[in-house]
Amino acid sequence: MYSFQTYSKTPLMLSMLGGIVGDENVQKAMSNYAKVWAFKHPSPWDYIFFMNAELKQDLNWFWYYWLFTTESSDGAIKSVTTRGDKTYVTIRQDGEMPSLVVLRVEFAADGPDLKPMKGAVIEGNVATITEPADVWFSGSRVHVVELDFGKRKIEKIVLDPQRRFPDRNPSDTSW
């Protein structure tokens with residue numbers, strides 16, 4: 001398992017961390033960590049405390065799953081329903097590792113203008129919605145994302161479109 005832990009799991013962990021706090025922030029924090037801990041013998045706790053301080057966040061939930069378990073995230077789009085102008089996307093988390101909820105919503109090329117929505121970035125006819133990992137902290141396995149972009153038809157929805165979070169079954173992340 002040494003080979004997997006060293007050469008496979010670490011890049012996956014740093015990629016997921018970049019998806020949470022931003023790649024540039026992770027690169028800067030890792031660079032500072034390497035400078036501060038050069039020629040020393042840090043423990044996992046030294047790494048955790050240093051990175052939390054550098055990233056200015058309590059990421060203990062993240063470190064626990066990555067450093068002390070073999071869990072994975074396993075998100076799935078279970079259903080998409082529309083009522084009026086709103087669409088409800090039901091996400092199910094079958095894995096034990098929490099992750100952000102990132103949805104890429106592709107709309108029809110023609111139609112009414114997209115209405116701005118809190119927590120969404122709109123580029124052309126595509127919107128990206130990001131919700132924090134703490135939606136899973138209560139132990140719930142299901143989370144509903146309410147989309148309120150107006151009347152334009154949705155053509156496709158993808159959970160974790162950049163594949164930043166390890167998923168056991170990525171075939172159920174598209175609608």
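The following legends describe close-up views of a predicted model. Local features require pLDDT of at least 70 and side-chain atom pairs pLDDT 80 or more, whereas totals for chains, interfaces and linings use all residues. Residues are numbered from 1 along each chain as its sequence is written, and side-chain values use heavy atoms, without hydrogens or water.

**View A. Surroundings of Thr69 in the loop between α4 (60-68) and β1 (75-83).** Helices (H or I, at least four residues) and strands (E, at least two) are DSSP runs numbered from the N terminus. Thr69 is buried, with a relative accessible area of 13% (buried: under 20%, 1.4 Å probe, protein chains only). Its side chain reaches the backbone nitrogen of Glu71 at 3.2 Å. Beyond neighbours within four places in sequence, Thr69 is in contact with Lys9 and Tyr64 (heavy atoms within 4.5 Å).

**View B. The largest nonpolar core, with 24 residues.** Such a core joins buried Ala, Val, Leu, Ile, Met, Phe, Trp, Tyr and Cys residues through side-chain atoms within 4.5 Å. Leu17, Ile20, Met51, Leu59, Phe62 and Trp63 have the most contacts inside this core. At least two of its residues come from each of α1, α2 (23-36), α3 (44-55) and α4.

**View C. Contacts of Met51 and a further core.** Leaving aside neighbours within four places in sequence, Met51 is in contact with Leu17, Ala29, Met30 and Trp63. Apart from the core of View B lies another, of 20 residues, including Phe107, Trp136, Leu147 and Ile157.

Technical notes. Buried means under 20% relative accessible area, exposed over 50%, partly exposed in between (1.4 Å probe, protein chains only). A polar contact is a pair of N or O atoms within 3.5 Å; within protein, one must be able to donate a hydrogen and the other to accept it, and residues adjacent in sequence count only if both atoms are side-chain atoms.
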